[in-house]
Amino acid sequence: MGMLIVNADDFGYCPAVNKGVIESYQQGIVTSATIMVGMPGFDQAIELAKANPGMGLGVHLTLTCRKPIRNDVPSLVDEHGDFHKITFYEKDFSVDLDEVYQEWKAQINKVIASGIQPDHLDSHHHVHTIKGITQVFDQLAKEYQLPVRGNYSKSKGIKSPAYFFTNFDSVARTKDIWKPYDIHNLIENTNKFGSVEIMCHPGYLDTTIYEGSSLNINRMYTMRELQNKHYPKLLQENGVTLGTFKDL
């Protein structure tokens with residue numbers, strides 16, 4: 001027996017992504033999403049989350065997309081006031097970790113102030129796995145007593161799924177359906193580790209996502225794959241239940 005959490009990243013990015021996430025929850029195997037604060041689709045995503053309370057909702061902490069919600073974090077932005085791109089963090093960099101803490105705390109608090117109690121934390125572009133920033137991420141996870149995405153060496157006492165599956169977007173990239181070999185490997189891992197998180201990026205396309213993200217067209221293939229009608233029965237027959245981070 002094992003539990004599978006199917007988490008849709010980038011909820012709140014824009015209306016097109018929001019539509020894809022909610023459809024993949026209502027008509028597919030998505031069980032959870034993580035919301036991006038400060039994005040064009042944030043307010044709509046909050047209302048959709050309230051209308052679909054069975055879907056888990058975490059915070060997709062952001063340092064690399066659009067602008068911060070605080071105006072006093074100069075080390076986190078470029079000359080235009082935008083967050084540094086992810087390439088900034090792929091080389092030697094310097095940021096004020098207290099500013100990271102304050103910005104991320106503000107993002108979490110904005111979700112809470114909107115009437116949603118988040119059930120986990122992760123981050124856009126996995127910046128929480130970067131040395132130095134990890135300690136801020138762990139501090140917030142402990143402060144808010146929230147589970148996290150388990151794709152790094154987290155501090156003791158922080159909950160996460162036992163296994164993290166990263167390749168759903170890749171295997172859904174073609175016009176072919178997911179091969180039985182792939183789904184059975186996932187089932188085997190879920191039963192072996194007890195709990196598994198799938199990261200995925202479903203969505204339709206509008207100009208915001210098409211021009212703003214390198215991951216665009218593939219979101220539609222991912223969305224279609226998540227709604228594969230064979231999966232719920234196959235998972236059930238193999239002892240795999242669908243859950244959220246609240247179930248950890």
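**Reading cysteines and a helix face**

Modeller: With a relative accessibility of 0%, cysteine 200 counts as buried, a word that stands for under 20% relative accessible area, as exposed does for over 50% and partly exposed for what lies in between (1.4 Å probe, protein chains only). This is a predicted model, in which local features need pLDDT of at least 70, side-chain atom pairs count only at pLDDT 80 or more, and totals for chains, interfaces and linings use all residues. Residues are numbered from 1 along each chain as its sequence is written, and side-chain values use heavy atoms, with hydrogens and water left out.

Biologist: How many disulfides does a search of the whole structure find?

Modeller: A disulfide is a covalent bond between the sulfur atoms of two cysteines. With the criterion of a pair of cysteine sulfur atoms within 2.5 Å, the search of the whole structure finds zero. Cysteine 200 is in none, since the nearest cysteine sulfur, that of cysteine 14, is 15 Å away. For cysteine 14, the closest cysteine sulfur is in cysteine 65, at 9.9 Å, which is too far for a bond.

Biologist: Which residues of helix 2 are buried, and why do they line one face?

Modeller: An α-helix has 3.6 residues a turn, so residues three or four places apart point the same way. In helix 2 (residues 42-51; helices are DSSP runs of H or I, at least four residues, and strands of E, at least two, numbered from the N terminus), the buried residues are Phe42, Ala45, Ile46 and Ala49. Seen down the axis, they fall within an arc of 105° (taken from the directions from the helix axis to the C-beta atoms), so they line one face. Asp43 and Ala51, on the other side of helix 2, are exposed.
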